[in-house]
Amino acid sequence: MAGGKQSLVVDAEPTKDLFIEMLVRDIDLRAAILDLVDNSIDGARAAVAQKSGKSASSKTPLRKMFLRIETSATSLTLTDNCGGISLTDARRYAFRFGAHKKKNIENSIGQFGVGMKRAFFKLGSKFEVASTTRDSRFVLPVDVQKWRQNEKWEFVLREVDDSRQPAKTVGTAIRIEPLLPAVADEIGAPGFSTGLLDEIVASHQEAIDEGFELTVDGIAAAKMPAVLLRSSEIAPAKTEFDVNGVGAPVRVRLVCGIGESRPGEAGWDVLCNGRTVLKSDQTPVTGWGGSADQRLPSYHNQFARFRGFAYFDCRDASRVPWTTTKNGLDQDSPVWRSARQRMISMMRPVIDFLNELDSEHDREGSAQTGVTLASKVATAKPVAVADLSSRSVFLYPKATKAPRVGNVNYSRSREELARAKRVLGVSSYREVGERTFEYWVKAELD
Amino acid sequence: MRGLDTEPREIDYRIRPAKNVERKMLLEICSRMGAVQEMSGYRYVGMGSIYFVDFSLFHRAFGIDSMISLEGREGLMERCEWNRPFDCIEVRPTSVEAALAELRSDVPTIMWLDFEDKLDSAILRQLAEACEVLAPRSILIATVNATPDVLKSRVRNFRRRFGNRDLANVDKDEDLGKEKLRKLNYAYMRQAVEEAVGIRGIRDGVVQRQLAHFTYKDGADMLTVAWLLHREEEAQLIDSCGFENLAFAQDGENPFNIKVPKLTYRERLELDRSLPDGEIVDPPGCIAVEDAKAYSLLYRQMPIYVDAVI
């Protein structure tokens, strides 16, 4: 090319079509809805924390906070009272792509600032967000087709009102209608609501246990607080510590002990900022055998009573050990690796006890002296994890070893034995043998 | 093995001179912690067998009254219990492996895992677990048998003990000769401790420093390494203990070899008169220079045996 001094500007702006396509490609329908649920629960925690004036944590009681999800063949609506989206947040954060760095809700589960928009594009061809805080309200209706055609990367908030709003109206209502055809098929299929509810509960049992009311098509999620068995002789290990590092400290709580014998529930639950990222794990990930360091046996049903809970909470959501998708565990996280080493150490006595319990079971039928371990477990009562006191090592009763015995066997004439029976005042030969031996022991040994 | 042993396999440690010296040197190293920590407040955890030599020593020297002896051999339990020299010693009928998690405590502990056995991955795991459960200011001491196996079975036994570790470096029996084996054993123990403390430190800021590295031979080649666990912010305070002032306290990969020279009492008394000052260049009598030098390194700890009628 002659000269070569001229410049040419190439239009590198992404087209919205490409952008939307990229955004929704790797997410499935339920995960998209779960992102919206995450937002509501983040909002609930923040709202409650603001009210009580302290920072949010997964211990925050979420009583009176709710999220109602309704599905139909053509629409999906989510209605909550979880604080609403402020005008500032709507402008600077909620409807921008890629969250503003500074706006990170403390102890949040949604940290990447794409969830909500992505869910909308994934699910429907039109959506509307109506949100009210104590200080403002707005409505954002979007026709996705029209938005695609518009060159500008902007959303227009309507019915904007920055006056004081009544407390009762605070919250966010999202309506997605009509749904995309494929989405409508899936949502309309029988069993969708219960399946969705199960999935939400699997991730958010902690929030539900703290009183968060969640319903899908009128079916309410049930509270199922984590419990462990405790008695005067059996007590779970429970420890709390902060892991420092760059940024806010991560609060780690580790609890482990025994529960009811249910193979499906045995193992470790790992929760990050209240969200379950690992459920009833029985793999080397949480220290069970098979890993390179092999400190513990592999999971087996004799450990069906094992229960462990690992909670990680941090104001800075990027420090808790989860993957960027928030639904998996980041095994390389230093916080996780350090906690895991402690978890393995905490598990060991529980495993030892369950092994003893198992071998006691195997011995059944042979003479058992004293109170069995099984009967001690039976008298232990379930106690909610939150109500347990700290103790560094699992407490358990040691098996009372039956004294080792031998048999003495000899024969004597029946006349002799009959005389001995009379004198001793007993009715069997066995007793004759025992009494005469005791007599000798008393006379010669004691 | 459990339940079958009714005789201790180990020899009577009281009369093994190198072990005797090592014990006193370790005692002296531990005593340096006295600059920052009341020694009688330590807990002592060991493997006392039926002799409890180390228990007696640490109890007499420091007045430690919380002492736990781990005894995994069921058949020996009764005899161990009977032989406890002091009432403050508790014998736990459990293997080291099973005991460690329950030994977690906030009390600083001197824990001597004095294995008769050769190092294997199980022992390494136990060292790692010890690093996890011991309180800051605890001292962990590990002794293993580092005698090479008979030439033909070295690699096979190594694989049995360590699985596929160091596949590239260890594939000939010659790779596991005395010196190479010692280096490997040391490196493995060191790595196990560094890793475990490193991971723990993320949580609670605990770090480790090596206090001792001994080799000696009382029959078998033995290797002992000791570490102190402490909070990182206490590093300066720990410096004030002056471990490095003890010539036998080695913080690196070169061991202090405890070599007990064969000397008569007369020879010892004569050498003592020129100690501790100066090098013995021209030892009296027919004492070899190297014996005299060896003696000068451990004359304070070297035992004097007398046959006594009790």
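Domain bounds here come from an automatic or database domain assignment. Everything shown below belongs to a predicted model.

**Figure 1. Chain A is split into three stretches by its domain assignment: domain 1 (16–220), domain 2 (228–363 + 372–387) and domain 3 (414–444).** Between the C-alpha centres of domain 2 and domain 3 of chain A there are 57 Å. Chain A carries 11 helices and 15 strands. Out of its 446 residues, 37% count as buried. Look at the contacts in chain A with a separation of 6 or more, and 69% of them turn out to link residues 24 or more positions apart.

**Figure 2. Helix 11 (residues 429–444) of chain A is hardly covered.** Just 1 of its 16 residues is counted as buried. From first C-alpha to last, helix 11 of chain A reaches 23 Å, close to the 22 Å expected at 1.5 Å a residue.

**Figure 3. A cis peptide bond in chain A joins A:Glu177 to A:Pro178.** Omega is near -5° for this bond. As for where the proline sits, A:Pro178 is in the loop between strand 6 (171–176) and helix 6 (181–188) of chain A.

**Figure 4. Chain B gets two domains from its assignment, domain 1 (13–257) and domain 2 (261–310).** Their centres, taken over C-alpha atoms, are 29 Å apart. Where the two touch, domain 1 of chain B brings 7 residues and domain 2 of chain B brings 6 residues. Sorted by class, the domain 1 side of that contact has 5 nonpolar, 1 polar and 1 charged residues.

**Figure 5. Helix 1 (residues 17–31) of chain B matches its expected span.** With 15 residues at 1.5 Å a residue, helix 1 of chain B should span 21 Å, and its end C-alpha atoms are indeed 21 Å apart. Its buried residues include B:Ala18, B:Val21, B:Met25, B:Leu26, B:Ile29 and B:Cys30. Charged side chains turn up in the buried set too, among them B:Lys19, B:Glu22 and B:Arg23.

**Figure 6. Helix 5 (residues 121–133) of chain B is largely enclosed by the rest of the structure, because 10 of its 13 residues are buried.** The buried ones are B:Ile123, B:Leu124, B:Gln126, B:Leu127, B:Ala128, B:Glu129, B:Ala130, B:Cys131, B:Glu132 and B:Val133. What covers them? From chain B, the cover includes helix 4 (96–99), strand 4 (109–118), strand 5 (139–145), helix 7 and strand 7 (221–231), and from chain A it includes helix 8 (334–363). End to end, the 13 residues of helix 5 of chain B reach 19 Å between first and last C-alpha, close to the 18 Å expected.

**Figure 7. Helix 5 of chain B packs on helix 7 (residues 178–204) of chain B at an angle of about 35°.** The two axes are 8 Å apart, and helix 5 of chain B passes helix 7 of chain B in a right-handed crossing. On the helix 5 side, the contact is made by B:Leu124, B:Leu127, B:Ala128, B:Cys131 and B:Glu132. Helix 7 of chain B answers with B:Tyr188, B:Met189, B:Ala192, B:Val193, B:Glu195, B:Ala196, B:Val197 and B:Arg200. By class, this contact has 10 nonpolar, no polar and 3 charged residues.

**Figure 8. Chain B meets chain A through 14 residues, which are in contact with 16 residues of chain A.** Helix 5 and helix 7 of chain B each supply at least two residues of the side that touches chain A. Which helix gives the most to that side? Helix 7 of chain B does, with 6 residues. The residues on this side of chain B divide into 6 nonpolar, no polar and 8 charged.

**Figure 9. Two loop residues of chain B, B:Ser49 and B:Asp166, have a positive phi without being glycine.** Phi is near 50° for B:Ser49 and near 50° for B:Asp166. B:Ser49 lies between strand 1 (43–46) and helix 2 (53–62) of chain B, while B:Asp166 lies between helix 6 (154–162) and helix 7 of chain B. Buried or partly exposed? B:Ser49 has 24 other C-beta atoms within 10 Å, so it is buried. B:Asp166 has 14 C-beta neighbours inside 10 Å and therefore counts as partly exposed.

**Figure 10. Chain B has a cis peptide bond from B:Leu275 to B:Pro276.** Its omega is near 0°. B:Pro276 lies in the loop between helix 9 (265–272) and helix 10 (289–298) of chain B.

Terms used: Residues are numbered from 1 along each chain as its sequence is written. Chains are lettered from A and ligands numbered from 1 in the order in which they are written. This is a predicted model: local features need pLDDT of at least 70, side-chain atom pairs count only at pLDDT 80 or more; totals for chains, interfaces and linings use all residues. Helices (H or I, at least four residues) and strands (E, at least two) are DSSP runs, numbered from the N terminus. The expected span of a helix is 1.5 Å times one less than its number of residues. A residue is buried if 20 or more other C-beta atoms lie within 10 Å of its own, exposed if 12 or fewer, and partly exposed in between; C-beta atoms are placed from the backbone. Axes are lines fitted to C-alpha atoms, for helices over the stretch in contact, and angles run from 0 to 180 degrees between N-to-C directions. A crossing is left-handed if the near helix is turned anticlockwise from the far one by less than a right angle, and right-handed if clockwise.
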